[in-house]
Amino acid sequence: MQRWAEEALDRCSNVAYAGRVSELQGSLLDLADEVVVNPLRGVHRMPLAHGAWVDVMTGLVGGADRLYAVLRHDVPWRAERRQMYDSIVDVPRLLRFYGEGEPLPHPALDSARDALSVHYADELGEPFTTAGLCLYRDGHDSVAWHGDRIGRSREQDTMVAILSVGAPRDLVLRPRGGGSSIKVPAGHGDLVVMGGSCQRTWDHCVPKTSRPVGPRISVQFRTAGVR
Ligand SMILES: O=C(O)CCC(=O)C(=O)O
């Protein structure tokens, strides 16, 4: 096992120990307030065309209400604007990017990143290092069709692992060369991982919806040098 994977596994074991300690304190604390990262069991893979795939797992995180509340309150969310043709427009979601080594806003995110690095170590060959957070305030917020193709992912396979908390929204994917789209539900506490050639050969989006939906936070874990 490579050194980074051993270190990630080590950190996971320490978290498991901390989990047992907090279980012992459970009689004194409200356990509903605990945020736990569950073992990555029952991850289901959907192979897509062109060497892409999507993995899904419901309930990666327990105590997702609490995690949502902390992230909503503690993350210094930023509104951004960007050029679109001749005008500058609001980006329809709030954002915060955590680079490699930057402290994450909740320890459960460190645990999730490490657990994902260990789970995908053989296939990915490198750890997840960064976390991009998006806050979709309601159904008007969205992300348009795109692939994460800034950096190495333009030419190489990679993985983008997404943990969602808050109101369920659909992540929709379609092949870049044309073809039907697929909807992947991203529910409260759930995991969606896009892998293989997915960022190069498929696009994804979170469409706006006229349904009355509440806010959703998406946490995207990526490897170094990929955006
Ligand atoms: O909200 C999501 O889960 C996807 C976010 C995304 O694709 C992005 O920010 O690049």
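Colleague: How do the residues of the shell around the ligand divide into nonpolar, polar and charged?

Modeller: The model is predicted. Its ligand shell splits into 6 nonpolar, 4 polar and 1 charged. The residues around the ligand include Asp-148, Ile-162, Leu-171, His-204 and Gln-220.

Colleague: What makes Asp-148 the charged one?

Modeller: Asp counts as charged, along with Glu, Lys and Arg. Asp-148 is in the shell, and the count for charged residues there is 1.

Colleague: Which elements give two or more residues to that shell?

Modeller: Strand E7 (128-136), strand E13 (202-206) and strand E14 (216-223).

Colleague: Why is strand E9 called largely enclosed?

Modeller: A residue is buried if 20 or more other C-beta atoms lie within 10 Å of its own. In E9, residues 160-166, 7 of the 7 residues are buried, so the rest of the structure largely encloses the strand.

Colleague: How do you know that E9 pairs with E12 and with E14?

Modeller: Pairing needs at least two bridges. E9 and E12 (residues 191-196) have 4, in the antiparallel sense. E9 and E14 have 6, also antiparallel. Both counts satisfy the cut-off, so both are pairs. As reference points, Leu-163 stands opposite Leu-191 in E12, and Gly-166 stands opposite Arg-216 in E14.

Colleague: What makes E8 and E11 edge strands?

Modeller: The sheet is open, with 4 strands in the order E8-E13-E10-E11 and antiparallel pairing. E8 (143-146) and E11 (182-186) each pair on one side only. From one strand to the next, the twist averages 20°.

Colleague: How do you know that E10 and E13 pair?

Modeller: At least two bridges are required. E10 (residues 169-175) and E13 are joined by 4, running antiparallel. Arg-174 stands opposite Asp-203 in E13.

Colleague: How many residues has the largest nonpolar core, and which have the most contacts inside it?

Modeller: The core has 47 residues. Those with the most contacts inside it are Val-61, Leu-67, Ala-112, Ala-161, Val-192 and Val-219.

Colleague: With which residues is Ala-112 in contact, leaving aside its neighbours within four places in sequence?

Modeller: Val-37, Leu-60, Val-61 and Leu-163. The test for contact is C-beta atoms within 7 Å.

Colleague: Why is Tyr-85 called exposed, and His-50 partly exposed?

Modeller: Exposed means 12 or fewer C-beta neighbours, buried means 20 or more, and partly exposed lies in between. Tyr-85 has 5 inside 10 Å, so Tyr-85 counts as exposed. His-50 has 14 within 10 Å, so His-50 is partly exposed.

Colleague: What is the phi of each, and where do they lie?

Modeller: His-50 is not a glycine, yet has a positive phi of about 65°. Its place is the loop between strand E2 (44-47) and strand E3 (52-57). Tyr-85, not a glycine either, has a positive phi of about 55°. Tyr-85 sits in the loop between strand E5 (78-84) and strand E6 (87-98). E5 and E6 form a hairpin with 2 residues between them, and Tyr-85 is in the turn.

Colleague: How do you know that E6 pairs with E5 and with E7?

Modeller: The cut-off is at least two bridges. E5 and E6 have 6, antiparallel. E6 and E7 have 5, antiparallel. Both counts satisfy the cut-off, so E6 pairs with each. Leu-95 of E6 stands opposite Arg-78. Leu-95 also stands opposite Cys-134 in E7, and Cys-134 is one of the residues around the ligand.

Methods
Residues numbered from 1 in each chain as written. Predicted model: local features only at pLDDT ≥ 70, side-chain atom pairs only at ≥ 80, totals over all residues. Near = placed C-beta within 6 Å. Axes fitted to C-alpha atoms, helices over the stretch in contact; angles between N-to-C directions. Core = buried A, V, L, I, M, F, W, Y, C linked by C-beta atoms within 7 Å. Contact = placed C-beta atoms within 7 Å.
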